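Please open the model in your viewer and keep the sequence panel beside it, since each stop on this tour begins with a selection.

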Amino acid sequence: MAPTSSRNASHSTHAASGWDTRRIAVTALLCAMAAICTLLLEFPILPGVTWLKYDPSGIVALIAGFAFGPATGAVVSVIPYLVHIATASGVYGVIMAILATFSLVMPASLIYRRQCTMRGAVLGLVIGGIVCLAACIVGNLIVTPFYTGMPLDAVIALIVPALLPFNLIKIVINCVVFVLIMRPAFKAMGIEVPNAGDAR
């Protein structure tokens, strides 16, 4: 990722950490957008497994991580989901939502930070997707018995017909949509998007 001075506004209230007023404001906006997504736009994508729901908040977190770095991505991967503590999802739903988003955004944004090219972005998304898929399966094995009251054997039996395809579909949707909107989103925030062969 390019140095903060080249990506963010020059007037900084936290110059040492890179958290200037513009970055804080945009992070707050992205958190709000992700919270709206996870509250109002979630829906099941596999028939018969209605408790597994997709929402596009992960796309917002990817924008945050790629545009402003892993720290911002981490913030947007955590804060918006805390609102679910007061919903039917409860603590267990919050844990799984944070795990799924954090495990995708952090590896992807860390790789993109080191290789700020479209090639680096795609590589980051692939690695992040693999990490996310593994984390979601393990997380479901630990959390789902508490969340749904299902025995562990029943959860294991759901890995192939439900958990694996759901998480794979979710990751693919998040990554594909992110790649499609990355350029216009970055341009709207005044952030340079490198070409496929750029190395910065």
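Begin by selecting helix 3 and helix 4, whose crossing is right-handed. Bear in mind throughout that this is a predicted model. Helix 4 covers residues 70–78, and it packs against helix 3 at an angle of about 160°, with the two axes 6 Å apart. Because an angle over 145 degrees counts as roughly antiparallel, helix 3 is roughly antiparallel to helix 4. To see the contact itself, show the side chains of Val 60, Ala 61, Ala 64, Gly 65 and Phe 68 on helix 3, and then those of Pro 70, Thr 72, Gly 73, Val 76 and Ser 77 on helix 4. Sorted by type, the residues of this contact are six nonpolar and four polar, with no charged residue.

**The whole chain**

Now clear the selection and colour the chain by secondary structure, which comes to eight helices and two strands. Followed from the N terminus, the elements run α-α-β-β-α-α-α-α-α-α. If you colour by burial instead, 48% of the 200 residues count as buried. Among contacts in the chain with a separation of 6 or more, 66% are accounted for by residues 24 or more positions apart.

**The nonpolar core**

Which residues have the most contacts inside the largest nonpolar core? Select Leu 62, Phe 66, Val 76, Phe 178, Met 182, Phe 186 and Met 189, which hold that position in a core of 46 residues. At least two residues of this core are supplied by each of helix 2 (21–40), helix 3 (57–68), helix 5 (90–114), helix 6 (118–148) and helix 8 (159–188). Helix 8 provides the largest share, with 10 residues.

Stay with Phe 178 and show what surrounds it: apart from its neighbours within four places in sequence, Phe 178 is in contact with Ile 59, Leu 62, Ile 63, Phe 66 and Leu 125.

Next, select Asn 174, which is also found in helix 8. Is Asn 174 buried or exposed? Its relative accessible area is 5%, so Asn 174 is buried. When neighbours within four places in sequence are left aside, the contacts of Asn 174 are with Tyr 54, Asp 55, Pro 56, Gly 58, Ile 59, Leu 62 and Leu 104.

Then move past the end of helix 8 to Ile 191, which is found in the segment after that helix. With a relative accessible area of 4%, Ile 191 is buried. Draw a C-alpha to C-alpha distance from Ile 191 to Ala 67, and you will find 7.0 Å between two residues that are 124 apart in sequence.

**Helix 6 against helix 8**

Select helix 6 together with helix 8 and look along the pair, whose axes come within 10 Å and cross at roughly 155°. That angle makes helix 6 roughly antiparallel to helix 8, and their crossing is right-handed. On the helix 6 side, the residues to display include Leu 125, Gly 129, Cys 132, Cys 136 and Asn 140, and on the helix 8 side they include Leu 164, Asn 167, Lys 170, Phe 178 and Arg 183. The full contact divides into 17 nonpolar, three polar and two charged residues.

Further along helix 6, select Ile 142, which lies in that helix. Ile 142 is exposed, with a relative accessible area of 53%. The C-alpha atoms of Ile 142 and Val 155 are separated by 9.3 Å, and these residues are 13 apart along the chain.

**Helix 5 against helix 6**

Keep helix 6 on screen and add helix 5, which packs against it at an angle of about 160°, with the axes 7 Å apart. The two are therefore roughly antiparallel to each other, and helix 5 passes helix 6 in a right-handed crossing. The residues of their contact are 21 nonpolar and eight polar, with no charged residue.

For the last stop, select Leu 110, whose place is in helix 5. Leu 110 counts as partly exposed, at 41% relative accessibility. Finally, add Gly 69 to the selection: Leu 110 and Gly 69 are 41 residues apart in sequence, while their C-alpha atoms are 7.4 Å apart in space.

Methods
Residues are numbered from 1 along each chain as its sequence is written. This is a predicted model: local features need pLDDT of at least 70, side-chain atom pairs count only at pLDDT 80 or more; totals for chains, interfaces and linings use all residues. Side-chain values use heavy atoms; hydrogens and water are left out. A nonpolar core is a set of buried Ala, Val, Leu, Ile, Met, Phe, Trp, Tyr and Cys residues joined through side-chain atoms within 4.5 Å. Buried means under 20% relative accessible area, exposed over 50%, partly exposed in between (1.4 Å probe, protein chains only). Helices (H or I, at least four residues) and strands (E, at least two) are DSSP runs, numbered from the N terminus. Contact means heavy atoms within 4.5 Å. Axes are lines fitted to C-alpha atoms, for helices over the stretch in contact, and angles run from 0 to 180 degrees between N-to-C directions. Angles under 35 degrees count as roughly parallel, over 145 as roughly antiparallel, 65 to 115 as roughly perpendicular and the rest as oblique. A crossing is left-handed if the near helix is turned anticlockwise from the far one by less than a right angle, and right-handed if clockwise. Ala, Val, Leu, Ile, Met, Phe, Trp, Tyr, Cys and Pro count as nonpolar, Asp, Glu, Lys and Arg as charged, and the others, Gly among them, as polar.
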